Structure formats: C-alpha cells, structure tokens
Amino acid sequence: MSQMTFLISSAQSRTVIAILFFGLSLMVLCSKEIEYSKIKLLIIIFSIIIIFSHYSTSYIHLVLYVGVALLSYFIKNNQKYHSPITIATILFLFTFMYFWFSIITKGAFNGAISVLNNVFIIDTFLSENTRAPELVQLLGKNLQDPIISGLNLIIQWLVLICIYTGILILFLFLIKKQIVPKFFFDRLPDFNYSAFYREFIILGFCCGIILAIVVILPNISKSFDIARTFTILSVITSCFFVIGAIFYSNLFREILIYNKILTPKYFVSVIIVFIVTLNFLFNAGIPHQLVGHRDTIIFNSEGEYYNQTIVHDQDHYGSIWLKSKMDNNNGITTDQMGKIILMSQALINQTTQFSELLVNSNQQNYIFFTHYMTNNKKFLNQWRESYQDIKTYDRIIEMNNKIYSTKSTEIWFKTM
C-alpha cells in the first residue's frame with residue numbers, strides 16, 4: 001500500500017482489479033482449509049479474470065505458476081502432496097491467454113513477443129536507454145537531488161536487500177532445515193517456520209527471480225513498468241521483507257549491545273517501522289516536495305506526471321467533437337497522451353491510424369493538439385518517457401486548416 005501504483009490506483013483501474021484477483025488466487029493457492037478440487041477451480045476462475053483485466057499482470061501470473069509447478073515437482077519434501085498448479089492448468093491458461101490477447105483483443109500478445117525479441121540483443125544489453133528511469137536511478141545515476149534522492153536510494157536498496165534475505169532464509173528452510181546457517185536462525189524470532197506454506201515460499205522465490213530478470217534483461221522494465229511490476233509482486237514479497245528486516249534489525253541490535261549501547265527489545269520493531277515509513281514518504285514524493293521539487297501529483301497540479309494522468313475538460317470535449325465530425329478514412333496525428341485521450345474519452349478505436357507529430361506523412365490527417373501541447377509546444381513520445389519540442393508547429397499552422405479551437409485544445413486538418 002506504500003507504493004505509488006496503489007496511491008494513484010484510480011488512474012489504473014484495470015491494474016487494480018488484476019492485482020485484487022492476483023492476491024485472491026495466491027491466497028487460495030496457499031490455503032489448507034479449502035478442498036483440493038475447489039482450489040483448482042478457483043485458481044482457474046481468478047486467473048481468467050486477471051487475463052480479462054490486465055495483460056502484463058497476466059504474464060507475471062502465468063510465469064509464477066510455471067515456477068510453482070516446476071519447483072513443486074523438484075522439491076519433494078512431502079511425497080504425498082500434490083500442487084494445485086499442474087501442467088494441464090498452465091496449458092489451459094496459456095491457451096486462453098493466447099486466444100484472448102492474440103485473436104480477440106489483438107496487439108497485447110504481439111507486443112509481448114516483440115519485447116522478447118528485443119531482450120537478447122547483445123548491443124543493447126548494457127545500454128541505459130533500454131532500462132526504465134527508475135532502474136537507472138537505482139544505480140545512483142540521474143538523481144534529482146544529491147541528498148534527498150541519495151537517502152531514497154538507500155531506503156530502496158534496504159527494502160530489496162531485506163526482501164531477498166527473507167526469500168533466501170525461507171527457501172533454504174523449505175529445501176532442508178539443516179542447511180540454513182545457524183547465523184540466520186539465531187537472529188530471527190522463535191516461531192514455527194513450517195507455518196509458511198510451501199507454495200508461498202516457492203512463490204516468493206519466483207518473485208525474486210522475476211525481479212532480477214526485469215532488472216538484468218534490457219527493455220523488459222520499460223515495457224512492463226518496473227514500478228507496477230514491483231507493486232504486483234509485493235503481494236508476496238512484503239512478507240519476506242519482514243523476515244529480512246527482523247534479521248538485520250537483530251544483527252544491528254547485537255552490534256550496538258556489543259559496543260555497550262543498550263537497546264530495548266522493541267528496537268527491532270522501531271527499525272522496521274522506520275524503514276517502512278520512509279519508504280512510504282519517498283514513494284509519495286513528500287521529501288522532494290519539501291525541498292522544492294514539484295513533481296508529485298499528490299500535492300501539485302503541474303509537472304510531467306500530472307500532464308500524463310489528468311484529462312482537461314478542453315481535451316475531453318475536443319476529442320468528442322472530433323469523433324462526431326471525423327472521416328474514418330483519415331488518420332490522426334497526435335502524441336501518446338493525445339492518443340490515450342482520444343481512445344478513452346471519445347472511444348476512438350485503437351485500430352485508427354495514429355502517427356506522431358514528427359512523422360512526415362503526405363496523407364490527409366487530423367492533427368489533435370492537447371491542452372499541454374498547445375501551451376508548451378511539446379509532445380510526449382511513444383514510450384511516455386520524455387517530452388520533445390514540436391519543431392514543426394509553426395509549419396503546421398501555415399500549411400493546414402484549424403477546424404476546432406477552445407482555450408487550449410486545437411484540432412487541425414492536414415490537407416497536404
């Protein structure tokens with residue numbers, strides 16, 4: 001709940017629905033109180049709803065199930081146990097996913113294939129341009145403020161280290177309790193580790209692998225949105241964060257006591273709450289707001305993120321007017337945000353031929369200038385990662401006809 005994706009959930013309704021049923025399917029998978037046959041049925045129902053809701057969450061969900069099926073097969077510490085996730089279940093979900101994404105809705109399946117084709121290009125493997133800006137900042141580059149962003153960097157790394165430590169401890173315990181180093185167990189609370197369901201531990205291990213893949217391989221973090229992916233996986237990884245945080249807090253407490261600095265028993269809880277609170281504050285953008293950066297949409301009506309999520313009234317009415325007057329044989333020239341506005345507000349079909357403002361085209365086209373584009377002479381590129389100057393704006397005015405205008409939204413018709 002401390003992640004930005006959750007804080008702006010009203011702007012990502014499909015993702016939120018998918019995360020809800022993602023969590024429900026995992027809850028059912030880890031339940032010992034529901035009959036085996038009902039678990040399998042509920043998993044299929046919830047998975048189908050996820051596929052209907054959001055494509056990238058569906059891919060993550062299917063990869064997790066593949067990991068659960070494979071690891072459950074190889075980790076046979078209970079010969080009588082059979083995982084509800086079978087090869088047949090995975091094949092059914094994959095077939096249904098292919099049917100929905102490739103044949104019915106189209107585009108999403110081909111997009112995933114395109115991303116996979118670009119993953120193993122050696123020339124782009126080490127390029128920063130193939131990674132999401134958040135990953136580049138995680139390496140200490142392009143920080144907005146040396147002090148505030150540096151502290152945020154430390155908190156993010158602490159969270160990741162705690163998550164992976166918790167995953168390592170419980171996964172080693174699942175394989176064989178005796179191979180877990182005594183160094184770990186001595187610094188963890190004395191509770192029943194067998195209470196952690198084997199599927200839950202396996203899911204955590206698979207989540208750790210997925211996060212590593214998203215970070216290491218190029219283009220994936222940009223195409224699947226690393227922030228949203230982390231939020232989805234936190235349904236599982238948040239529990240492993242607690243295990244790792246307890247271990248490091250106890251270790252830090254021992255160091256203080258060794259140096260004759262007395263600390264109370266609740267010191268561990270204080271450290272965990274401190275990390276979680278700082279993580280929430282940074283995700284909400286509060287420290288950056290306090291030092292003068294006006295980026296967070298929670299406190300400001302300006303900035304790039306605001307312009308990518310808010311639909312102004314002028315754009316709403318302009319898009320509806322264009323839908324009612326346009327000739328469907330003509331395409332539309334606009335930026336990525338303009339395309340989203342036209343599709344969401346006027347329900348203009350995605351199959352309409354859209355083109356960016358810097359693409360030269362000799363055919364007749366409607367040119368849709370949004371509120372932001374008209375006032376700032378900039379357009380948002382295809383990947384929604386940066387704004388670029390509209391170098392051809394004056395030329396467009398000279399050579400084309402303005403057919404609609406409000407205070408800021410403009411629609412032109414390109415005649416040549």
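This is a short walk through the helices and the sheet of one predicted protein model.

Hi everyone, thanks for coming. Please keep in mind throughout that the model is predicted. Let me start with the overall picture. The chain has 416 residues, and 47% of them count as buried. Its secondary structure comes to 19 helices and seven strands. If you look at contacts with a separation of 6 or more, 67% of them are between residues 24 or more positions apart.

Let's go to the helices, beginning with H12, residues 226-258, and its packing against H10, residues 198-216. The two axes are 9 Å apart, at an angle of about 150°. Angles over 145 degrees count as roughly antiparallel, and H10 and H12 therefore fall into that class. Their crossing is left-handed. Which residues meet here? On the H10 side you'll find Phe200, Ile201, Leu203, Gly204, Cys207, Ile210, Leu211 and Val214. Facing them from H12 are Ile226, Thr229, Phe230, Leu233, Ile236, Thr237, Cys239 and Phe240. By class, that contact between H10 and H12 has 13 nonpolar residues, three polar and no charged.

There is a general point worth having in mind when you read lists like these. An α-helix has 3.6 residues a turn, so residues three or four places apart point the same way.

Now follow H12 to its other partner in this talk, H13, residues 267-284. The axes of H12 and H13 come within 9 Å and cross at roughly 125°. H12 and H13 are therefore oblique to each other, and the crossing is right-handed. H12 brings Phe241, Val242, Ala245, Ile246, Ser249, Asn250, Phe252, Arg253 and Leu256 to this contact, while H13 brings Phe267, Val268, Ile271, Ile272, Ile275 and Val276. The class count for H12 with H13 is twelve nonpolar, two polar and one charged.

Let me pick one residue out of that list: serine 249, in H12. Is serine 249 buried or exposed? Its relative accessibility is 3%, so serine 249 counts as buried. Beyond its neighbours within four places in sequence, serine 249 is in contact with Phe267, Val268, Ile271 and Ile272.

A second residue to click on is isoleucine 167, which sits in helix H8, residues 146-175. Isoleucine 167 has 5% relative accessibility, so this residue counts as buried too. Setting aside residues up to four places away in sequence, isoleucine 167 touches Gly204, Phe205, Gly208 and Phe240. Phenylalanine 205 is 38 residues away along the chain, and its C-alpha atom is separated from that of isoleucine 167 by 5.9 Å.

On to the sheet. It is an open sheet of five strands with mixed pairing, in the order E2-E1-E3-E7-E6. Where are the edges? They are E2 and E6, each with a single partner strand, so one side of each has no neighbour in the sheet. At the E2 end, E1 and E2 run parallel and are joined by two bridges. There, isoleucine 332 has phenylalanine 354 in E2 as its bridge partner. Helix H16 packs on the sheet and touches E1, E3, E6 and E7, and its direction makes about 170° with that of E3.

Let's zoom in on strand E7, residues 410-414. Five of its five residues are buried. On one side, E7 pairs with E3, residues 365-369, in the antiparallel sense over five bridges, and phenylalanine 368 stands opposite isoleucine 411. E7 also pairs with E6, residues 401-405, again antiparallel, over four bridges. In that pairing, asparagine 401 stands opposite phenylalanine 413. E6 and E7 form a hairpin, with four residues between them.

How do the side chains point? In a regular strand they alternate between the two faces of the sheet. In E7, Glu410, Trp412 and Lys414 point one way and Ile411 and Phe413 the other.

My last stop is helix H17, residues 336-345, whose buried residues are Gln336, Met337, Gly338, Ile341 and Leu342. What do these buried residues pack against? Their partners are helices H15 and H16 and strands E1, E2, E3 and E4. After H17 comes leucine 347, with a positive phi near 55°.

That's my tour. Thanks for listening, and I'm happy to go back to any part of it.

Methods. Residues are numbered from 1 along each chain as its sequence is written. This is a predicted model: local features need pLDDT of at least 70, side-chain atom pairs count only at pLDDT 80 or more; totals for chains, interfaces and linings use all residues. Side-chain values use heavy atoms; hydrogens and water are left out. Buried means under 20% relative accessible area, exposed over 50%, partly exposed in between (1.4 Å probe, protein chains only). Two strands pair if DSSP finds at least two bridges between them. Contact means heavy atoms within 4.5 Å. Axes are lines fitted to C-alpha atoms, for helices over the stretch in contact, and angles run from 0 to 180 degrees between N-to-C directions. Angles under 35 degrees count as roughly parallel, over 145 as roughly antiparallel, 65 to 115 as roughly perpendicular and the rest as oblique. A crossing is left-handed if the near helix is turned anticlockwise from the far one by less than a right angle, and right-handed if clockwise. Ala, Val, Leu, Ile, Met, Phe, Trp, Tyr, Cys and Pro count as nonpolar, Asp, Glu, Lys and Arg as charged, and the others, Gly among them, as polar.
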